[in-house]
Amino acid sequence: MSNRTFTMIKPDATGKGYTGAILDQIINAGFAIKAMKWIKLSAEQAGKFYEIHKERPFYGELVEFMSSGPIVAAILEKENAVADFRTLIGATNPANAAEGTIRKKYAASVGENAVHGSDSDENAVIEGNFFFSGLERF
Ligand code: RTP
Ligand code: MG
């Protein structure tokens, strides 16, 4: 069990002005920010990040959405980071997300669901390496 995960605040949430509130909730839940950047992905970059989903029916929509506006990408540290962060963000579909979770509070739909959280320790490392060089993290 690793102590790091990777997150993105997605374009729906940055566009609605929720970035500060979401970062606040993440920090208040005990996660330390070990790297962070504000960037806009090209469709090609978003497609590469989500390559694992390329056979899924929503892939095209997902790539278009994730390249539609700025995102915040970050590496987070906490004990049991991957599982605890997924609990903090709630179910993929905000309609099914628990009360108080980030997706319940800030997400509009299953497609535009405010935040990403890595689903395994292995993917947390892969995803963090996609966005950050060794110089940009500690
Ligand atoms: P994420 O990777 O963003 O943290 O979300 P997740 O693990 O909860 O969900 P995942 O199955 O990995 O799906 C990745 C993202 O694809 C979009 N999606 N759209 N239209 C749909 O039915 C659908 N299903 C998934 C969501 O933005 C989801 O977060
Ligand atoms: Mg996922």
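Which strand holds the place of H116? That would be β4, which covers residues 115-117. Keep in mind that this is a predicted model. UniProt, in an unreviewed entry, marks H116 as "active site", and the shell around ligand 1 includes H116 too. From there, the tour goes through the ligand site, the strands and two helices.

**The annotated domain**
- An unreviewed UniProt entry puts the feature "domain: Nucleoside diphosphate kinase-like" at residues 2-136.
- Over residues 2-136, helix makes up 41% of the chain and strand 18%.
- The C-alpha atoms at the two ends of residues 2-136 sit 20 Å apart.

**H116 and ligand 1**
- Is H116 buried or exposed? H116 is buried, because 20 other C-beta atoms lie within 10 Å and the cut-off for buried is 20 or more.
- Leaving out residues up to four places away in sequence, H116 touches T7, M8 and K10.
- Two of those contacts, T7 and M8, belong to the buried residues of strand β1, on opposite sides of it.
- Ligand 1 is surrounded by H53, F58, L62, T92, V110, G111, N113, H116, G117 and D119.
- Sorted by class, that shell has six polar, three nonpolar and one charged residues.

**Strands β1 to β4**
- Strand β1 (residues 4-9) is mostly covered, with six of its six residues buried.
- Which residues of β1 are buried on each side? R4, F6 and M8 are on one side, while T5, T7 and I9 are on the other.
- β1 and β3 run antiparallel and are joined by six bridges.
- Along that pairing, R4 has E77 as its bridge partner in β3, and T7 has A74.
- β1 also runs antiparallel to β4, through three bridges, with I9 standing opposite V115.
- Strand β3 (residues 71-77) is largely enclosed by the rest of the structure, because five of its seven residues are buried.
- Strand β2 (residues 32-39) pairs with β3 as well, in the antiparallel sense and over seven bridges.
- In that pairing, M36 stands opposite A74 in β3; A74 is also the bridge partner of T7.

**Helix α4**
- Which residues of helix α4 (residues 59-66) are buried? They are L62, V63 and M66.
- Looking down the axis of α4, the buried residues stay within an arc of 95 degrees, so they line one face of the helix.
- G60 and E61 are exposed on the other side of α4.
- The cover over the buried residues of α4 includes α1 (11-15) and α3 (43-49).
- L62 ties this helix to the ligand site: L62 is one of the residues around ligand 1 and one of the buried residues of α4.

**Y106 in helix α6**
- Y106 is found in helix α6, which spans residues 102-106.
- Y106 counts as buried because it has 24 C-beta neighbours inside 10 Å.
- What does Y106 touch, not counting residues up to four places away in sequence? The contacts are A13, Y18, I22 and A114.
- Y106 and M36 are 70 residues apart along the chain, and their C-alpha atoms are separated by 20 Å.

Conventions
Residues numbered from 1 in each chain as written. Chains lettered and ligands numbered in written order. Predicted model: local features only at pLDDT ≥ 70, side-chain atom pairs only at ≥ 80, totals over all residues. UniProt positions renumbered as here; feature names shortened; annotations may be inferred. Helix = DSSP H or I, 4+ residues; strand = E, 2+ residues; numbered from the N terminus. Buried ≥ 20, exposed ≤ 12 C-beta atoms within 10 Å, placed from the backbone. Contact = placed C-beta atoms within 7 Å. Near = placed C-beta within 6 Å. Nonpolar A, V, L, I, M, F, W, Y, C, P; charged D, E, K, R; others polar. Arc of directions from axis to C-beta. Pairing = 2+ DSSP bridges.
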